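Visitor: Please take a close look at one part of this structure, the empty space inside it, and then carry on to the residues around which the rest of the picture can be built.

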Amino acid sequence: MWTGERVETATYFLLIANGTVLGISAGFIMHRSGFCLSGMFRDLFLFRQVTMLRFLYLTVFFSSVLFEATRLSGLLAFYPFPFFGPPSVTNAIGGCLFGIGMVLAGGCVVGTLYKLGAGSMLSLAAFAGLIIGSTVYAEIHPFWSGLRSATTFGGTATLPQLLGIAPLPLVLVLWAVSWYFYRKWHRAGQLQLESRAGGFLQPLTAALLLTCLGIWSAIVTGMPIGITTAYAKMGAYVETLFPGDHVGSLPFFTDISRQYVNPLTRASLGWSAGPWFDAVSAMQFPLIVGIALGGALSAVLLREYRIYYRAPVRQYLSAIVGGVIMGMASRMTPGCNVWHLCGGLPVFAWQSLLFFVGLIPGAWLGSLLLVKVIVK
Amino acid sequence: MIRQTCPGENGTRESRPHLIEFDIRGQVYPSTLLAALREIDSHRERIRSGAVKLLFRTDNPHCTKTIPDAVSGMGHDVSVSRDSDHYLIIIGRDT
C-alpha cells in the first residue's frame, strides 16, 4: 500500500511525463498544419477567409462528441471539468482583450510557443510579454476578483446543468448541425487544402489529432489542455529575484486555497500561481516546454529551423504589447483560447461561451490595429 | 525588407526581366502577405509586361499558399520553390 507521500510523488511524475508528451505532440501537429487559432480569427476579418475557421469548428464538434462518449464510458472522473464555474461578465471582457492581444502578438498562448520553438524571435518577444502581462495582473487581482464576483450570474457552470439535463441531447443536436456542414464542405472540396509547404499536415487531420490529445488530457489530468497559470507562476519566480517581498504581498500569488485532485491517483495537490512547485508546475511547465520542443522538432526535421530575428521594430513592439495584453487577459477571463475553445465550448461551459463572444470583437479590433498601426 | 535588383544575364533589359528580391523572413504573418501584395501592386504593370519579376524569400509556410492564391487572382504567374531552409515565391513571367 503506497503512502500518501509516494502517491503524491508518483502523481507529479505522471503529470510531468504526460505534459511533456502532450506538449511535444501538440507543438509538432500545430507546426506541421499551421493550426494557428489566432490566425483563424484574424484572417476572417482581414481577408474574409473562413478556411481555417472551419477546422476550429470541427475541432469543437469532434471534442464535444468525444468528451461525451468518454463521459458515458466512465473514463471522465470529473464532469464538468474543474475550475469551470458560473459565468461572469469578466469572461467576455477577458475574451475581448485576449482577442486583441493574440492578433497583435502574432499567435495565441500555444501558437506563440510552437513558433518560438521553430526559431521565431518575434514569438520570443510575445512569450516575454505573456509572462509580464500575467504578472502585472496580480496587481489588479483584488479589484478584478471583486468585479468578477459582482457580475457573476446564474448558479450553473454549463448549459446542460441549467437545463437540468445530461449533455447528450445537446451533443446530438450539435452532431446533426455539424454533420450537415461537414458534408457540405467535404463535397465542395474545402476540407482538403493544397499546400506547397514541406511536410504539410492537413488541418482536418490536425483537428482530429488535437481532439484526441484533449481527450487524453481530460482522462489523465481531469481537465482539458491549459497552460496560462504557469505564465503567472513564471512571473512570480522572476519577481522573487528582485529585492523585497512584493510577491508575498500579493493575494493572487499567495492564495493556496485551490486544490487539484488527479483522477487516476486521487492525490490532492496544491494549485496556485505562487513561486513554488505544485500541480501547476508539474502539469503546465512540461506542456509549455513540450509545445516549443514539438515546434522545434518539426522545423528541424523539415530542415527549416533557423533563428529569425530580422523584423521591423514595430512588429517586435506589437508582439510584446500583444503578449502583455494576452497574459493579462488570460488571468482576467480566466483561461486562454485553447482552454475555452477546445475544452469548455465542447462541454457547453458558460464561461467559454462568453469568452468566445468576447473573442470575436477583440480579434476584429486587433486586426484593425494590426493593419492601421503595425503593418502600414 | 532587403531589396535587390539583378540585371539580365547580358546586362540588358531586353533578354530577361529584372528580378527584384524581397527578404520577408522572420516577419509575422500577415505582414508578410500584406507587404508582398503592396509590392506586387506597385509593380503590377511592369510585371504584366514582363519587365520585372518579384522574388520573395519567406520562412512562413502559410505564405506559400496565401501569396500564390492572391497573386493568381490578379492574373500573374507564380511559382514556389524551396531554398535550403526557406521558400522562394517568384511572381511574374518570362518575356
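Guide: What follows goes from the cavities to a pocket, then to aromatic rings and finally to two single residues.

The model is a predicted one, in which local features need pLDDT of at least 70 and side-chain atom pairs count only at pLDDT 80 or more, while totals for chains, interfaces and linings use all residues. Residues are numbered from 1 along each chain as its sequence is written, chains are lettered from A and ligands numbered from 1 in the order in which they are written, and side-chain values use heavy atoms, with hydrogens and water left out.

Rolling a probe the size of a water molecule over the atoms shows where empty space is left. On a 1 Å grid over the protein atoms alone, a cavity is a set of points where a 1.4 Å probe fits but cannot get out, whereas a pocket is an open set with protein on both sides within 12 Å along at least five of seven lines, and lining residues have an atom within 4 Å of a point. Grid points are joined across faces, edges and corners, and a volume is the space filled by probe spheres set on the points.

Two cavities of 30 Å³ or more are found in the structure. The largest cavity holds about 200 Å³ of space, and of the 16 residues that line it, A:Met30, A:Leu210, A:Ile225, A:Val338 and A:Cys342 lie nearest its centre. Two or more lining residues come from each of helix H1 (4-33), helix H3 (51-72), helix H9 (203-221) and helix H14 (337-344) of chain A, where helices (H or I, at least four residues) and strands (E, at least two) are DSSP runs numbered from the N terminus. By class this lining has 11 nonpolar, five polar and no charged residues; Ala, Val, Leu, Ile, Met, Phe, Trp, Tyr, Cys and Pro count as nonpolar, Asp, Glu, Lys and Arg as charged, and the others, Gly among them, as polar.

The second largest cavity holds about 40 Å³, and A:Ile225 belongs to its lining too, which also includes A:Asn18, A:Ser217, A:Pro224 and A:Met283. H1, H9 and helix H12 (279-301) of chain A each give two or more residues to that lining, and H1(A) gives the most, with three residues. Here the classes are five nonpolar, five polar and no charged.

Turning to open space, the second largest pocket contains about 680 Å³. It is lined by 28 residues, and those closest to its centre are A:Arg148, A:Arg258, A:Trp271, A:Arg331 and A:Pro334. Helix H6 (121-150) and helix H10 (228-239) of chain A are the elements that give two or more residues to this lining, H6(A) having the largest share, five residues. The pocket lining divides into 11 nonpolar, 13 polar and four charged residues.

H3, met above in the largest cavity's lining, also carries aromatic residues. A pair of aromatic rings is described by the distance of the centres and the angle of the planes. Rings of Phe, Tyr and Trp (its six-membered ring) pair if their centres lie within 6.5 Å, and planes under 30 degrees apart count as stacked, over 60 as edge-to-face and the rest as tilted. Over all chains, this rule gives 20 aromatic pairs. One of them is the edge-to-face pair of A:Tyr57 and A:Phe181, at 6.3 Å centre to centre and 75° between the planes. Since A:Tyr57 lies in helix H3 and A:Phe181 in helix H8 (residues 168-187) of chain A, the pair ties together parts that are 124 residues apart in sequence. A:Tyr57 has a relative accessible area of 25% and A:Phe181 one of 29%, and each is partly exposed, the class between buried (under 20% relative accessible area) and exposed (over 50%), with a 1.4 Å probe and protein chains only. A:Phe61 and A:Phe62 form a tilted pair, with 5.6 Å between centres and 40° between planes, and both are buried. A:Tyr57 and A:Phe181 also form one aromatic cluster with A:Tyr180 and A:Trp185.

A:Gln315 lies in helix H13 (residues 313-332) of chain A and counts as buried at 5% relative accessibility. Apart from neighbours within four places in sequence, A:Gln315 is in contact (heavy atoms within 4.5 Å) with A:Leu122, A:Ile374, B:Gln27, B:Val28 and B:Ser31. The C-alpha atoms of A:Gln315 and A:Leu122 are 7.4 Å apart, although 193 residues separate the two in sequence.

B:Asp94, in the segment after strand S5 (86-91) of chain B, counts as exposed at 54% relative accessibility. B:Asp94 touches B:Pro17 and B:Lys53, leaving out residues up to four places away in sequence.
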